[in-house]
Amino acid sequence: MLFSGVLVVVFALLGAFVRVPYVALGPGPTYDTLGTVDGERVVTIDGEQTYPTRGELRMTTVSLNDNVTLFGALGLWASGRYAIAPREEYFQPGQTDEEVRRQNVQQFQDSQSNAEVAALRRLGYPVRVVVKEVVSDSPADRVLKPGDRLLRVNGQRIGNEDDVREALADTRPGQSVSLTFQRDGQPPRTESVTLARHPDGPQGFVGMQPIDRADVPFEVDISLEDVGGPSAGLMFALAIVDRMTPEDLVSGERVAGTGEITEKGEVGAIGGISFKVVAAKEAGASVFLVPEDNCAEAAAAAPDGLRLVKVSDLNGAVSALENLRNGQPVPSC
């Protein structure tokens, strides 16, 4: 009996205090991208005309608990509200919590930049092409720096990032090409580089990543702390569009949604959609914008009374909200 009692105590202590290699996933908080958080407006536009908005555009999140004990995991799983998954699906071997946090923050910042470019492009504002990254020890490493504005590549004028790829498509390793760029508002300069061998094809390799950025005389600032990942891009872009157009996009409704967005406005699939639809319903949303590739999963998990609207790009999302406002049909999951 004494031995059994000791085993019970040991098991209880292990179950209550020792972490297991699993994480718990569940519905996270939602944030109104048209509103404020802790007294600070989420989307701020300084130096350009904005218009009043009615209603809410709520971005949704997934909560991830990495500090899970055996008993805690069993309790969360039994609640039916959370899912338990192996930790290695979300944390690489040897990766620390701080490294994951930094990665998520970077993805979140990229989603903000993409949302700004996609929204302003939708509104007719011009874009410029800048260098996002430079590969170490590449031909570009001796010439370009992140933030440089690309004006011409291989003699071709650059208006968007696709122009850079087209300008280099027919080049070969060893070929000399010219790069015309502008740094920190200084006069444009032109330098020649000798292309290296491309790791993924026969064309020449410069070693820099171009990216579109808004070319406007005003500032768009997105402020939201303690949130990571790329999936808020669609809702940020819609908030910018709504704030900068006279028509009321949401028209008093509480709309939630999710979706990673590119600079061109394409909306991609995200993870955790089954938890996000639950969070949206609990936040009082009546409509949820779903990336097209997430439709099946969202439809299987959506609570009653939550209307799922399928979107594949920013233009489609704007059109869907306009149709909802006017009582017209919208694509659904």
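**Figure 1. The six-stranded open sheet of the predicted model****.** Six strands, in the order 6-1-5-16-19-20, form an open sheet with mixed pairing. Strand 6 (83-86) and strand 20 stand at its edges with a single partner strand each, so one side of each is left without a neighbour in the sheet. From one strand to the next, the twist averages 35°. Strand 1 (residues 22-32) and strand 5 (residues 56-65) run antiparallel and are joined by seven bridges; in this pair, Tyr31 stands opposite Met59 in strand 5. Strands are DSSP runs of E with at least two residues, and helices are DSSP runs of H or I with at least four residues, both numbered from the N terminus. Two strands are taken as paired if DSSP finds at least two bridges between them. This is a predicted model, in which local features need pLDDT of at least 70 and side-chain atom pairs count only at pLDDT 80 or more, while totals for chains, interfaces and linings use all residues. Residues are numbered from 1 along each chain as its sequence is written, and side-chain values use heavy atoms, with hydrogens and water left out.

**Figure 2. Helix 6 and helix 8 against the sheet****.** Seven bridges join strand 1 to strand 5 in the sheet. Helix 6 packs on this sheet and touches strand 1, strand 5, strand 6, strand 16, strand 19 and strand 20; its direction makes about 40° with that of strand 1. Helix 8 (residues 314-325) also packs on the sheet, where it touches strand 5, strand 16, strand 19 and strand 20, and its direction makes about 145° with that of strand 20. Contact means heavy atoms within 4.5 Å. Axes are lines fitted to C-alpha atoms, for helices over the stretch in contact, and angles run from 0 to 180 degrees between N-to-C directions. Within helix 6 (residues 273-282), the buried residues include Ile273, Phe275, Lys276, Val277, Ala279 and Ala280. Buried denotes under 20% relative accessible area, exposed over 50%, and partly exposed the range in between (1.4 Å probe, protein chains only). Just after helix 6, Gly284 takes a positive phi of about 95°.

**Figure 3. Strand 19 and its neighbours****.** Five of the five residues of strand 19 (residues 287-291) are buried, so this strand is largely enclosed by the rest of the structure. Val287, Leu289 and Pro291 lie on one side, and Phe288 and Val290 on the other. Strand 16 (residues 254-257) pairs with strand 19 in the parallel sense over three bridges, and Ala256 stands opposite Phe288. Strand 20 (residues 307-311) runs parallel to strand 19 and is joined to it by five bridges; here Pro291 stands opposite Val311. Strand 19, helix 7 (residues 295-301) and strand 20 make a right-handed β-α-β unit: with the strands pointing away from the viewer, the path from the first strand over the helix to the second runs clockwise.

**Figure 4. Two loop residues with positive phi****.** Most residues other than glycine have a negative phi. Asp137, in the loop between strand 7 (127-134) and strand 8 (149-153), has a phi near 65°. At 70% relative accessibility, Asp137 counts as exposed. Asn154 lies in the loop between strand 8 and strand 9 (156-157), and its phi is near 55°. At 26% relative accessibility, Asn154 counts as partly exposed.
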